[in-house]
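Biologist: Could you walk me through how to read a model like this one? I am happy at the bench, but new to this.

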2 protein chains.
Amino acid sequence: MEERLASNRERILVAARKLVSEGGFREAQIAAVANEAGVSTGTIYRYFPSKAELFVEVLTAAVQYEIEILDQIAKGPGSARERLQAAVASFTRRALAGPYLAYAFIAEPAEPEVDAARIRCRKQFGDVFINILRDGVAADEFPEQDLDASAACIVGAYTEALVGPIGPSRRGNRNKEALIASISRFCVRAVSRDAGD
Amino acid sequence: MEERLASNRERILVAARKLVSEGGFREAQIAAVANEAGVSTGTIYRYFPSKAELFVEVLTAAVQYEIEILDQIAKGPGSARERLQAAVASFTRRALAGPYLAYAFIAEPAEPEVDAARIRCRKQFGDVFINILRDGVAADEFPEQDLDASAACIVGAYTEALVGPIGPSRRGNRNKEALIASISRFCVRAVSRDAGD
DNA sequence: CAGAAAAGTGAACATAAATTCATTTCTTGA
DNA sequence: TCAAGAAATGAATTTATGTTCACTTTTCTG
């Protein structure tokens, strides 16, 4: 039954993502993934050629999903400022709901291949923001600025705020919506002429 | 000779820092450190109880040095805005000159102990910025804001801009001073009412 | 239903890297 | 100078983990 094949593959991916989200790449050994997925280690190698390729797929799939949502926002209606604030808030809100992606995204994995994929993904995120920023500068909503640098700073800012020492896992349950608002306001102000509030 | 003892210890630390700076924690095995320092692996264990403790010391020493410089700036003269811009520029300039610390700082090391030290260090950096921001808000230079979140965002912003896909190691030699200026302007705007330029 | 093919298994293997320790080399003080 | 203790060595050991493969179980087909 090819349903089972597909379902197994999916289960392995889900298990791998779960482990990464909970303990980073460090906790996601093949044996642990196999256990979590309810299969044997050998089975994993029937579906994925190597640990590295498995995790590249985990990472890119998660990022692809996020990128699509952000892209919708970036290409949608509203001023550049509104779209930027919406994009940052949307990402951080989902990250806080279950900080899956955020961890996978910041952790430095052992395998160079996965690391390379991570860098590519960060670039993709940056590109989404570059588009919004370009619109904003063209419409004279935002001042002239180095778009590459601003985009990288935005990605870094919200990532650190989510998983760094401030992040929800480190301190007691601070108000999540307040944190989301603080982060997105920071990012909007950072590329604007004035705070706007 | 106890001079030699101290000098050996120092050589090991320097060698470890060099390897981390060049290839991240991944490249810094005990054997490599021993080779770089010109001692045997056994000798390293005469000076450090474990690999983890060696790298905790490497990390905290490097960060301590940076923190002191930033603290000077934070406690020095000038408006909060000026001090913030100077602090960010100072850090990024040194990081670009030899991206030692920046890499050590972002890389996820294998050992949980080192990872914990990294989080603590990020917190320390954040605290420096919190002080500047608090001054600025008190003097009504900056609008009211979540200081913890802003500080984390600042640390994340410049870190990502330095070592992420934008960083000097990824693209051709863009103008370093221009990058420094872009990053620090981003951070200052992000906490200010207006861009100020 | 039998037999072939596919899928699944997990113990065994391979590899890499940290740590140890029996042995050697060096330093010091009588 | 020499013995005693400290320091250094690096091959051997341990540990951790990715990968393989001979074998078992399941599924499909004539």
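Biologist: Which residues come nearest to DNA strand D?

Modeller: A word on the model first. It is predicted: local features need pLDDT of at least 70, side-chain atom pairs count only at pLDDT 80 or more, and totals for chains, interfaces and linings use all residues. Residues are numbered from 1 along each chain as its sequence is written, while chains are lettered from A and ligands numbered from 1 in the order in which they are written. Now, a residue is near a strand if its C-beta atom, placed from the backbone, lies within 6 Å of it. Of the 18 residues around DNA strand D, the nearest are Gln29(A), Gly42(A), Lys51(A), Gly42(B) and Thr43(B).

Biologist: Which element gives the most to that surface near DNA strand D?

Modeller: Helices are DSSP runs (H or I, at least four residues), numbered from the N terminus. Helix 3 of chain B gives the most, with 4 residues.

Biologist: And how many residues of chain B are in contact with chain A?

Modeller: Contact is when two C-beta atoms, placed from the backbone, lie within 7 Å. Here 35 residues of chain B are in contact with 36 of chain A. Helix 8 of chain B supplies the largest share of chain B's side, 11 residues.

Biologist: How can chain B be laid on chain A?

Modeller: Two copies of a chain are related by a rotation about an axis and a shift along it. Superposing by least squares on C-alpha atoms of residues with pLDDT of at least 70 in both, chain B fits chain A with an RMSD of 0.2 Å, by a turn of 179° and a shift of 0.0 Å along the axis. That is the relation of a two-fold axis. The same surface serves both copies, as 100% of the contact residues of chain B recur in chain A.

Terms used:
Helix = DSSP H or I, 4+ residues; strand = E, 2+ residues; numbered from the N terminus.
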